[in-house]
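Student: Could you take me through one part of this structure up close? I'd like to look at a pocket and at how some of the helices sit against each other.

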Amino acid sequence: MVLSTLSPAGTRSTLPGLLDLTEETLRAWLQERGEKPLRARQLHRWLLVRGAESFDEMTDLPKALRQQLADALVPLSTRIAKHLRASDDTHKLLLELGDQKLIECVLIQEEGRRTACISTQVGCGMGCVFCASGLNGVDRNLTVGEMVEQLVRLRNLPSPSRLLSPPTPLPVGEGRKPRLTNIVVMGMGEPLANLDNLLEALEVATSKDGLGIGARHITISTVGLPAKIRRLADLGKQYHLAVSLHAPNDELRTKIVPTNDKTGLDDILAAAAYFFEKTGRQVTYEYVLLAGINDATAHARELAALLKGRRAHVNLIPFNDVEGLPYRRPSTEALQMFTNVLQQAGISVKVRKRKGSQIDAACGQLRRSAL
């Protein structure tokens with residue numbers, strides 16, 4: 001169901017967004033206007049904690065300052081170009097950026113949980129054959145502010161009252177909106193290809209003066225960039241790592257994930273093992289099942305052998321059909337067989353629940369239709 005389609009592209013402001021200014025820059029801007037530097041913290045808390053979307057809502061700031069801010073900046077630089085909501089309370093936003101590029105983000109709501117799935121790039125350069133995000137390649141990395149704004153936009157969406165009932169009420173922060181409980185960095189783009197900006201955005205997300213989300217409730221998904229995985233491990237953060245595997249051998253994986261010819265499964269698995277050794281966090285391996293391509297019994301057995309002895313969890317993801325692509329979902333029998341083979345081999349496995357199917361919640365589908 002389409003909730004809103006807003007004004008045409010080209011009518012929006014091109015002023016910079018508040019969240020793309022460093023605190024140092026914002027403090028300097030305020031001091032030039034005779035304001036105390038502590039106003040910077042007030043501004044950020046209005047956006048990140050209290051859910052303001054306009055300067056007029058920031059009622060403890062002087063009216064003259066609010067006007068100066070409105071003349072020079074916008075609280076949020078993104079525009080909601082389209083807002084879709086499914087009957088299971090999954091929301092999908094198509095956001096227009098300041099340069100009129102389009103990205104997607106998703107809010108998944110369940111009992112006691114509000115999970116934001118965010119993008120890190122405009123498009124994607126990894127070339128996974130089944131993914132709508134990378135059909136037109138990668139355009140650019142997202143800024144820190146553009147990633148944080150996705151979280152803010154999703155956090156500010158209404159939460160159905162049925163999700164607030166006991167025994168697991170959603171936590172409500174210092175404002176009028178229930179906060180996000182989890183983040184999955186699984187939207188458009190390869191997160192580790194934009195690691196520096198992503199890490200800064202997650203610092204805001206985990207800060208008590210930001211969105212207050214615990215690091216253990218954040219999952220970063222990667223196609224598998226070994227050097228970046230090792231760098232992430234060395235940071236000592238408690239983020240969860242998910243590696244998009246999709247095949248149990250290099251020959252098949254390179255057909256599905258073309259960048260595999262530059263890395264290879266051995267290096268990816270070694271980097272994942274290093275991540276577990278350094279952080280103590282079990283690695284999740286994501287495996288999109290494509291009918292007739294990687295969903296046979298032989299593939300399941302090979303995957304079980306590949307992961308044997310590793311502290312690993314497998315997330316099986318039945319493919320979501322994408323118009324224009326030749327791939328199809330596996331049969332119910334193939335999915336059950338694959339699950340059984342892994343379980344019998346002692347591998348922890350779960351089939352991902354399908355959420356938001358009515359609104360093309362799979363990554364890149366909404367943007368592709370808009371383009």
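Tutor: Here is a walk from a pocket to two helix pairs. Keep in mind that this is a predicted model.

Let's start with the second largest pocket, which holds about 460 Å³ of space. It is lined by 21 residues, and the closest to its centre are Leu 21, Glu 23, His 44, Leu 48 and Val 204. Who supplies the lining? Helix H1 (23-32), helix H2 (39-48), helix H4 (144-155) and helix H5 each give at least two residues. H2 has the largest share, with 5 residues. Sort the lining by class and you get 7 nonpolar, 6 polar and 8 charged residues.

Now follow H5 away from the pocket. Helix H5 (residues 195-206) packs with helix H6 (residues 226-234) at an angle of about 30 degrees, and their axes are 12 Å apart. That angle makes H5 roughly parallel to H6, because angles under 35 degrees count that way. The crossing of these two, H5 and H6, is right-handed. On the H5 side, Leu 195, Asp 196 and Leu 199 make the contact, while H6 brings Lys 228, Arg 231 and Leu 232. By class, the contact of H5 with H6 has 3 nonpolar and 3 charged residues, with no polar ones.

Next, look at another pair. Helix H9 (residues 297-307) and helix H10 (residues 332-344) also pack at an angle of about 30 degrees, with axes 9 Å apart. H9 and H10 are therefore roughly parallel to each other. H9 passes H10 in a right-handed crossing. From H9, the contact uses Thr 297, His 299, Ala 300, Arg 301, Leu 303 and Ala 304; from H10, it uses Met 337, Phe 338, Val 341 and Leu 342. Split by class, the contact of H9 with H10 has 7 nonpolar, 2 polar and 1 charged residues.

So what should you try to spot on screen? Find H5 first: it gives at least two residues to the pocket lining, and it also packs with H6.

Conventions. Residues numbered from 1 in each chain as written. Predicted model: local features only at pLDDT ≥ 70, side-chain atom pairs only at ≥ 80, totals over all residues. Heavy atoms only, no water. Axes fitted to C-alpha atoms, helices over the stretch in contact; angles between N-to-C directions. Helix = DSSP H or I, 4+ residues; strand = E, 2+ residues; numbered from the N terminus. Parallel < 35°, antiparallel > 145°, perpendicular 65-115°, else oblique. Left-handed = near helix turned anticlockwise from the far one by under 90°. Contact = heavy atoms within 4.5 Å. Nonpolar A, V, L, I, M, F, W, Y, C, P; charged D, E, K, R; others polar. 1 Å grid on protein atoms, 1.4 Å probe; cavity = no way out; pocket = protein on both sides within 12 Å on 5 of 7 lines; lining within 4 Å. Points joined across faces, edges and corners; volume = space filled by probe spheres on them.
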